[in-house]
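Okay, thanks for making time, everyone. Let me put the structure up and then talk you through it.

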Amino acid sequence: MASLSSDLNYDILRRLDGSSLASAACACAAFSSISKEERLWEDVCSSTWPSTNQEDVKSLITLIGGFKKFYADCFPLIVNKEVPEFRWNDYVEYREEWTEAEFYDDMYEFEDISPTDFVSIVDVRFKNKTVYSKVLWGIPNANGYNGWFSDCPFRVDLLTHSARDEDHAGEVTLSESDGLPPVPSIERERKDGKLWQELRNEVQLSWIVVNRKIKQAANLSSWIPLGGQRHWPTDKDFLIRFGSVLPAKEILPCQAVECILTMKFRMIHSDGVSGVQTALKLTELSMQLGDMEGAHVNGRNSLLVLKESLSCRRSKNYSEALESCHLYSKVQSELKEEKMRNESRLDRMYILSGITAFITFCYYIM
């Protein structure tokens, strides 16, 4: 390796992806030295997240520590296995014990957080080809965040915001030329499920959140779908869910929340040269945070959770990140089942009380 020129070594390394470049940096001193070049990592970030090609995004990444740090922070997935095993009785008691100030955390901490601190860097791929990229500066419609935004359910809908922005107008559509299988009708798709399988296997989502004030970034997506539902809410719709489990210690009683990234496609048909063409139109791409009960977290607490999540543990092992999501779903299902059992017991008690009162009433009037 010592006989090779630095230009040749650079030419070798610039052809690698991020993981290979990080491994090559451990191979020899020459590679280690060259791998520190920011230009190499800028190219890696550009190929991984095409939305980072924008000049304002490049300036942002430089501001928060450079492209090498950005890749190290955003390529691994968030892993949070500290999910408490709640029981319904404990959950209710825990909430009643908290004062209002304790439940909503310290007011002074929230005053240090502003919706304008956050930047969303989003890329959607289908069959390893980028089909949509968007950079969102701040949180839309959060100008009055001390008022309605603070108390209302938190939601960021990229397509709704893009529709109001003339620079990013236009529909996102996947067609047979992008690799979709031809499907002549909804009935055929319901029987075969070819489109659904293609979406589940080939769609990837990256949703990076950057906090400009604290200079931290993390990818809140799971890269590949965690689940979904086909033919919902109509026969033509396909819903895919991505996300991660975020820490909420000292913010919410449940201590962990789910980042819910929803992508929805609608099946459409158009006339082509060879007949009817199948296409899928992207109709929704949104982010929400949900607690253990399935309720959406309000804007105020969501900003606190997002800030906290940027410093939590991450891993390049997808199975480890998936395990944390399954653990959260397991605890959430157990909590829901226990709630239903408690409500069923209460219903029986009310019925017995009513019957007892009726018998007593009949006894006295006789």
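Let's start with a small one: where is the place of lysine 215? Lysine 215 is in the loop between S6 and S7. Keep in mind as we go that this is a predicted model. In that model, the phi of lysine 215 is near 60 degrees, a positive value in a residue other than glycine. Lysine 215 is partly exposed, with a relative accessible area of 39%.

There's a similar case at asparagine 128, in the loop between S2 and S3. Asparagine 128 isn't a glycine, but its phi is positive, about 65 degrees. With a relative accessible area of 61%, asparagine 128 counts as exposed. For background, most residues other than glycine have a negative phi, and most peptide bonds are trans.

Now the overall picture. We've got 15 helices and 12 strands in the chain, and buried residues make up 46% of its 366 residues. If you take contacts between residues at least 6 apart in sequence, 68% of them join residues at least 24 apart.

How far can you trust it? The average pLDDT is 83, and 86% of the residues score at least 70. Two stretches to watch: pLDDT stays under 50 over residues 87-98, and again over residues 103-108. Where pLDDT is low, the predicted coordinates should not be read in detail.

Back to those loops, and the sheet they belong to. Four strands make an open, antiparallel sheet in the order S3-S2-S6-S7. S3, residues 129-137, and S7, residues 216-219, are the edge strands with a single partner each, so one side of each has no neighbour in the sheet. On average, neighbouring strands here are turned by 15 degrees against each other, direction ignored. Helix H5, residues 55-63, packs on this sheet and touches S2, S3 and S6, with its direction at about 70 degrees to that of S3. Eight bridges join S2 to S3, and one example of a bridge pair is serine 120 with leucine 136 in S3.

Next, the S8 and S9 hairpin. S8, residues 227-230, pairs with S9 in the antiparallel sense over four bridges, and arginine 230 stands opposite phenylalanine 238 in S9. Six residues sit between the two strands, and histidine 231 takes a positive phi near 60 degrees. In that loop you also find proline 233, and the peptide bond joining tryptophan 232 to proline 233 is cis, with omega about 0 degrees. As for S9, residues 237-247, 10 of its 11 residues are buried, so the strand is largely enclosed by the rest of the structure.

So what's inside? The largest nonpolar core has 64 residues, and those with the most contacts inside it are Trp207, Leu246, Met263, Leu280, Leu285 and Met287. Strand S10, residues 256-272, gives the largest share of this core, seven residues. Click on leucine 285 and you'll see it touching, among others, Val122, Tyr132, Leu205, Trp207 and Met263. There's a second, separate core of 28 residues, including Val44, Tyr71, Val79 and Ile121.

Last stop, helix H6, residues 67-74. Which of its residues are buried? They're Phe67, Phe70, Tyr71, Asp73 and Cys74. Looking down the axis of H6, they fall within an arc of 165 degrees, so they line one face of the helix.

That's my tour, over to you.

Terms used
Residues numbered from 1 in each chain as written. Predicted model: local features only at pLDDT ≥ 70, side-chain atom pairs only at ≥ 80, totals over all residues. Heavy atoms only, no water. Pairing = 2+ DSSP bridges. Axes fitted to C-alpha atoms, helices over the stretch in contact; angles between N-to-C directions. Contact = heavy atoms within 4.5 Å. Core = buried A, V, L, I, M, F, W, Y, C linked by side-chain atoms within 4.5 Å. Buried < 20%, exposed > 50% of the residue type's maximum accessible area, 1.4 Å probe, protein only. pLDDT = per-residue confidence, 0-100. Arc of directions from axis to C-beta. Lists of a residue's contacts leave out its neighbours within four places in sequence.
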